[in-house]
Amino acid sequence: MPITYLHTMVRVKDLDASIAFYKLLGLVERRRTDNEKGRFTLVFLCPPEQADGHADVELTYNWDGDDALPSDSRHFGHLAYTVDDIYETCQTLMDAGVTINRPPRDGHMAFVRSPDNVSVELLQAGEAKAPQEPWASMENTGHW
């Protein structure tokens with residue numbers, strides 16, 4: 001029985017804030033659907049080199065609000081992406097006001113959260129970078 005990965009769906013409360021967050025990670029909008037009858041918008045984002053839809057994140061925004069969306073989406077797990085430079089990526093996110101929940105102390109892995117509390121794992125592509133400050137001594141913040 002063959003199976004093909006399609007996408008990961010997360011519900012969001014503020015579509016613009018969520019799109020801005022995922023664009024900070026380097027994702028691009030691949031497709032958007034506005035459904036008048038169902039009163040929702042779907043936005044599909046992916047890494048630019050995977051614009052064929054191989055690694056989509058589907059943001060689902062309900063126009064009339066989403067009171068059922070929990071404040072802590074840990075039941076979901078996390079999204080994971082490799083990045084070319086973990087330190088540069090984390091600095092870019094931090095400069096934009098994103099909290100680095102688990103700093104890349106080891107030069108290999110970090111965790112952040114989206115505006116909707118979706119946990120996002122960032123992994124250094126290839127070998128880990130040598131530990132460096134301020135990351136090496138930075139403490140965890142919150143949870144991921």
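Here are some notes on the packing, charges and rings in this structure, which is a predicted model.

1. Start with the core. The largest nonpolar core holds 28 residues. Those with the most contacts inside it are Y22, L25, L59, V120 and L122. Strands and helices both feed into this core: β1 (7-12), α1 (15-24), β3, β4, β5, α2, β7 and β8 each supply at least two residues.

2. L25 is a handy place to look at that packing. Not counting residues up to four places away in sequence, L25 touches Y81, L93, V120 and L122. V120 and L122 are themselves among the residues with the most contacts inside the core.

3. Next, the aromatic rings. The count comes to two aromatic pairs. In one, the rings of F21 and Y22 have their centres 5.1 Å apart and their planes at 80°; planes over 60 degrees apart count as edge-to-face, so that is what this pair is. Both partners are tucked away: F21 counts as buried at 4% relative accessibility, and Y22 is buried too, at 1%. Y22 also turns up among the core residues with the most contacts.

4. The other ring pair is Y87 with W135. Here the centres lie 6.3 Å apart and the planes are at 10°, so the pair is stacked, the cut-off being under 30 degrees. These two rings link distant parts of the chain, with Y87 in helix α2 and W135 in the segment after β8, 48 residues apart. Are they buried or exposed? Y87 is buried at 5% relative accessibility, and W135 is buried with a relative accessible area of 2%.

5. One ring has a charge for company. The charged end of R31 sits over the ring of F44, 3.9 Å from the ring's centre.

6. On to the salt bridges: a search of the whole structure finds five. One of them joins R39 and D64, whose closest N and O atoms are 2.8 Å apart. This pair links distant parts of the chain: R39 is in the loop between β2 (28-35) and β3 (40-46), while D64 is in the loop between β4 (56-62) and β5 (78-83), 25 residues apart. As for exposure, R39 is partly exposed at 36% relative accessibility, whereas D64, at 59%, counts as exposed. The line for exposed is drawn at over 50%, so D64 passes it and R39 does not.

7. Another salt bridge brings together the side chains of K129 and D85, at 3.8 Å from N to O. K129 lies in the segment after β8 (119-124) and D85 in the loop between β5 and α2 (86-95), so this bridge ties together parts that are 44 residues apart in sequence. Both ends are partly exposed, K129 at 29% relative accessibility and D85 at 22%.

8. A further salt bridge is formed by the side chains of D106 and R102, at 3.4 Å from N to O. D106 is partly exposed at 30% relative accessibility. What about R102, buried or exposed? With a relative accessible area of 12%, R102 is buried, because buried means under 20%.

9. R102 shows up again around F111, a residue of strand β7 (residues 109-113). F111 counts as buried at 7% relative accessibility. Leaving aside neighbours within four places in sequence, F111 is in contact with H78, I100, N101, R102, S119, V120, E121 and W144. If you want a spacing to check, F111 and L79 are 32 residues apart in sequence and 9.7 Å apart in space, C-alpha to C-alpha.

10. T60 is worth a look as well. You'll find T60 in strand β4, where this threonine is buried with a relative accessible area of 9%. Which residues does T60 contact, leaving aside neighbours within four places in sequence? They are M9, V10, R11, V12, T41 and L42.

11. Last, the cysteines. How many disulfides does the structure hold? The answer is zero. C46 is buried at 0% relative accessibility, and C90 is likewise buried at 0%.

Definitions and conventions:
Residues numbered from 1 in each chain as written. Predicted model: local features only at pLDDT ≥ 70, side-chain atom pairs only at ≥ 80, totals over all residues. Heavy atoms only, no water. Disulfide = S-S within 2.5 Å. Buried < 20%, exposed > 50% of the residue type's maximum accessible area, 1.4 Å probe, protein only. Salt bridge = Lys/Arg side-chain N within 4 Å of Asp/Glu carboxyl O. Helix = DSSP H or I, 4+ residues; strand = E, 2+ residues; numbered from the N terminus. Phe/Tyr/Trp six-rings, centres within 6.5 Å; stacked < 30°, edge-to-face > 60°. Lys NZ or Arg CZ within 6 Å of the ring centre and 35° of its normal. Contact = heavy atoms within 4.5 Å. Core = buried A, V, L, I, M, F, W, Y, C linked by side-chain atoms within 4.5 Å.
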